[in-house]
Amino acid sequence: MAVNTISSETQEYLRDEDAFKRNLRSRHFRGRLWRRFFQLALVAAFLALIALFFNILNSALGYVVEDYAINPITLAANGDLGALPEEELVMILVENRANRLPVYVRDYLYAGDPAVFTTLPLSALLSNTVLPAGTADLTIRELSVEQQAELLLNNIGQPQLIAIVEEQVIEPTILQTWSLTASLFERDQIEAEFQENYAAQGATLFFKSWINLDFLTSPMSSNPAAAGARTAILGTLYVVIVTIFIAFPIGVGAAIYLEEYTSGSQNSRTARINRLIETNIRNLAGVPSIIYGLLGLAIFVRALSPVTGGRTIISAALTMALLILPVIIINAQEAIRAVPSSLREASYGLGATRWQTIYKVVLPSALPGILTGTILGMSRAIGETAPLIIIGASTFILFDPTGLQSKFTVLPILIYNWTSRPQDEYRVAAAAGIIVLLILLLILNATAIILRQRARRSLTA
Amino acid sequence: MSAAKAARQTTGAYAIELHNVNVFYGEKLAVKDVSLNIQRQKITAFIGPSGCGKSTVLRSINRMNDLIGGARVTGEVVYNGENLYASNIDAVEVRRRIGMVFQKANPFPKSIYDNVAYGPRLLGVRGKKQLDEIVERSLKGSFLWDEVKNDLKKSGLALSGGQQQRLCIARTIAIEPDTILMDEPCSALDPIATQAIEELMRELVKKYTIVIVTHNMQQAQRVADMTAFFSIRKEALEGGKDRRWGVLVEYAHTPQIFESPQFEETERYIGGEFG
Ligand SMILES: Nc1ncnc2c1ncn2[C@@H]1O[C@H](COP(=O)(O)OP(=O)(O)OP(=O)(O)O)[C@@H](O)[C@H]1O
Ligand SMILES: [Mg+2]
């Protein structure tokens with residue numbers, strides 16, 4: 001039928017060998033052009049990634065000149081504070097910083113309002129703390145130095161005592177830093193500069209990797225040389241994990257409802273509402289994150305503060321959960337939609353109820369896709385800064401988070417905070433923080449990817 | 001259930017009776033006014049040109065059309081004396097009694113064992129011994145046991161097309177339905193696998209009522225006791241378009257349909273002259 005209606009012109013064209021050959025050349029040429037473009041796109045993306053890593057590593061490693069107020073070698077054999085018992089660490093504090101003992105009590109043992117710290121009796125300030133005998137009704141100022149020392153000794157562990165000694169007594173100060181490239185290629189010059197400017201005052205020059213165990217395990221500090229990311233790492237882990245625990249079940253549940261219970265409905269009103277909801281969810285995915293921060297501030301921090309405790313981990317996690325919910329819902333919907341309907345039919349055909357079909361057939365098949373969405377959501381939750389700034393994550397905090405209602409900070413905020421400080425050294429510490437953030441992201445994603453692989457394998461093998 | 005209905009259930013020669021069944025997809029009428037009686041423990045074949053509504057009628061028997069948004073069935077499908085479309089009937093129970101095998105083998109992405117145990121588990125069978133027994137008996141019943149007995153843990157998807165289809169049959173008979181509906185079960189299989197399935201059907205029909213849709217005339221002749229021929233009716237609409245629906249043309253013993261059909265349309269179709 002179709003053959004009869006082709007005009008003779010068209011037929012002639014289809015038979016023209018020369019035209020075909022010319023045309024074929026240009027078709028191949030266009031193909032090669034596109035291929036070249038795709039290659040370049042890949043190279044550009046790769047270069048951008050390399051530049052990013054280089055930029056971060058360049059600041060996070062390199063030579064530094066460090067000086068101490070008191071050389072650790074004079075305090076402990078080989079300068080190893082870890083070998084000292086707690087009593088000696090407290091003694092060092094008493095000998096060197098006797099008048100600052102109340103400050104350490106405040107920073108490490110007290111969680112309340114700093115304004116009333118010096119005026120209330122200890123029993124009102126410090127719960128869960130072992131007080132020296134007969135001091136319960138005294139204010140901190142009324143304690144003798146020995147009693148203050150005893151208070152610290154009884155309640156602060158060795159690692160934190162070491163941190164205090166390092167920060168307050170040894171007081172390492174960084175006098176200058178060099179980037180990795182400078183450290184590698186201009187060593188002689190650095191050496192000369194050091195001899196000329198710093199050698200006389202007894203400072204040391206050494207190659208420092210900012211990412212080290214101390215950086216990971218020490219809390220924040222007002223001294224960049226001693227600053228660590230511990231509180232922020234724990235805060236990030238807490239917030240992300242709680243976020244996933246909230247967003248995953250809600251997101252997947254919503255997706256299941258939209259796909260398995262209401263889609264394809266005969267009822268045109270249900271279908272319309274369904275479409276409306278879906279469109280809205282898609283739009284929510286594009287709403288700037290700062291707006292979620294405002295929402296979280298109004299609802300979780302202010303309105304629900306009796307439950308959430310205000311600017312706490314649970315408020316942050318709820319806000320983040322709202323933020324990543326659309327991502328999880330959309331991806332879960334796609335994954336559920338991609339489950340072949342022949343599998344659903346097989347299940348229904350064997351007399352399965354709707355829930356049995358969903359639970360035993362649809363969800364296992366959709367799980368890898370659902371986890372992909374969860375990974376995307378998680379990555380977003382780890383990196384987001386703006387909403388947490390809005391809801392008021394702490395920028396300086398010495399406590400580890402202890403529960404859903406504790407104050408917290410997270411890595412992106414720590415990094416942001418450090419980069420905005422005037423001292424150069426903080427910028428270097430920020431670079432180290434970025435690396436820690438990337439590694440954390442990698443670890444969490446790898447965990448999710450392993451789970452996904454396992455789910456996928458159980459479907460094929 | 002009333003006494004009269006109970007009496008019909010035990011004495012009736014027919015497993016399933018369709019009375020004036022119409023099926024709609026949304027506004028569109030897909031099959032019109034189909035009435036036919038399907039005999040117990042016999043193989044009934046549905047034949048007819050593509051699009052005439054064979055699958056549609058078949059799926060209306062175990063209420064699979066319920067799963068399609070907008071699909072609607074009017075008329076009665078009487079099964080053991082009860083109208084399956086009465087409001088007090090649960091589709092889940094219907095499908096548990098009337099099993100289905102699909103055109104394209106659709107094993108679950110699970111092990112062979114779990115595929116067969118799926119139905120019994122739905123019904124609440126938990127004991128390992130019972131499940132083992134059901135799996136073995138069902139796989140033997142579908143002539144697959146000897147080929148897979150050593151790797152029941154293997155994925156059902158790792159089997160060949162013919163084996164997958166037999167796995168789907170094993171899965172269906174594992175819950176002991178009364179009736180098995182098969183929608184072109186051999187259309188994706190080679191002649192040897194087809195032969196295996198046909199042999200299997202002849203074995204199964206000793207226990208089950210079977211309804212099969214097929215495009216293969218020889219197959220219908222080889223296996224079916226009764227054959228129903230469906231065809232398409234059209235009505236021209238304005239603008240060169242038309243409206244089409246399926247009808248049942250002729251339903252009789254298979255030899256009669258193929259050797260002395262009542263209608264010329266049937267004769268033309270089985271003679272291969274039909275669109
Ligand atoms: N899910 C559906 N939604 C809307 N229309 C449908 C649907 N399924 C089938 N139809 C229509 O119903 C009519 C009958 O289809 P059906 O699949 O029953 O035909 P069939 O006889 O099984 O054809 P084939 O031999 O090709 O399988 C066709 O016109 C088809 O377009
Ligand atoms: Mg069909």
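Begin by selecting Asp33(B), which lies in strand β2 (residues 28-39) of chain B; here helices (H or I, at least four residues) and strands (E, at least two) are DSSP runs, numbered from the N terminus. The model is a predicted one, in which local features need pLDDT of at least 70, side-chain atom pairs count only at pLDDT 80 or more, and totals for chains, interfaces and linings use all residues. Residues are numbered from 1 along each chain as its sequence is written, chains are lettered from A and ligands numbered from 1 in the order in which they are written, and side-chain values use heavy atoms, with hydrogens and water left out.

**Stop 1: the backbone at Asp33(B)**

While Asp33(B) is still selected, look at its backbone, where phi is near 55°, a positive value in a residue other than glycine. Most residues other than glycine have a negative phi. Is Asp33(B) buried or exposed? With a relative accessibility of 45%, Asp33(B) counts as partly exposed, a class that falls between buried (under 20% relative accessible area) and exposed (over 50%), using a 1.4 Å probe and protein chains only.

**Stop 2: Thr56(B) and its neighbours**

Next, select Thr56(B), which is found in helix α2 (residues 54-61) of chain B. Its relative accessible area is 9%, so Thr56(B) is buried. To see what surrounds it, show Val23(B), Tyr25(B), Ala30(B), Val31(B) and Asn65(B), which Thr56(B) touches when residues up to four places away in sequence are not counted; a contact means heavy atoms within 4.5 Å.

**Stop 3: three strands side by side**

Now move to strand β6 (residues 98-101) of chain B, where Ile98(B) and Met100(B) point one way, Gly99(B) and Val101(B) point the other way, and all are buried. Strand β6(B) runs parallel to strand β7 (residues 179-183) of chain B, and 4 bridges join them; two strands pair if DSSP finds at least two bridges between them. To follow this pairing residue by residue, select Gly99(B), which stands opposite Ile180(B) in β7(B), and then Val101(B), which stands opposite Met182(B) in that strand.

How many residues of β7(B) are buried? The count is 5 of the 5, so β7(B) is largely enclosed by the rest of the structure. Colouring the two faces separately makes this easier to follow, since Thr179(B), Leu181(B) and Asp183(B) lie on one side and Ile180(B) and Met182(B) on the other, and both faces are covered.

From β7(B), continue to strand β8 (residues 209-213) of chain B, which runs parallel to β7(B) and is joined to it by 5 bridges. Ile180(B) serves as a landmark here too, for it stands opposite Ile210(B) in β8(B).

**Stop 4: the loop after β7(B)**

Select Asp190(B), whose place is in the loop between β7 and α8 (191-204) of chain B. Asp190(B) is partly exposed, with a relative accessible area of 42%. Add Gly161(B) to the selection and draw a distance: the two residues are 29 residues apart in sequence and 9.0 Å apart in space, C-alpha to C-alpha.

**Stop 5: the whole of chain B**

Zoom out until chain B fills the view, with its 11 helices and 10 strands. Its radius of gyration is 19 Å, close to the 19 Å that the globule rule gives for 275 residues, so chain B is as compact as a globular protein of that length; the radius is taken over C-alpha atoms, and the rule is 2.2 Å times the number of residues to the power 0.38. The C-alpha atoms of chain B fill a box of roughly 60 × 45 × 40 Å along the principal axes, and 54% of the 275 residues count as buried.

**Stop 6: across to chain A**

Finally, select chain A, which has 21 helices and 3 strands. A compact globule of 461 residues would have a radius of gyration near 23 Å, whereas chain A has 31 Å. Along the principal axes, its C-alpha atoms fill a box of roughly 110 × 60 × 40 Å, and buried residues make up 43% of the 461 in the chain.

End the tour at Glu171(A), in the loop between α8 (158-170) and β2 (173-177) of chain A. Its phi is near 45°, a positive value in a residue other than glycine, and Glu171(A) is partly exposed, with a relative accessible area of 31%.
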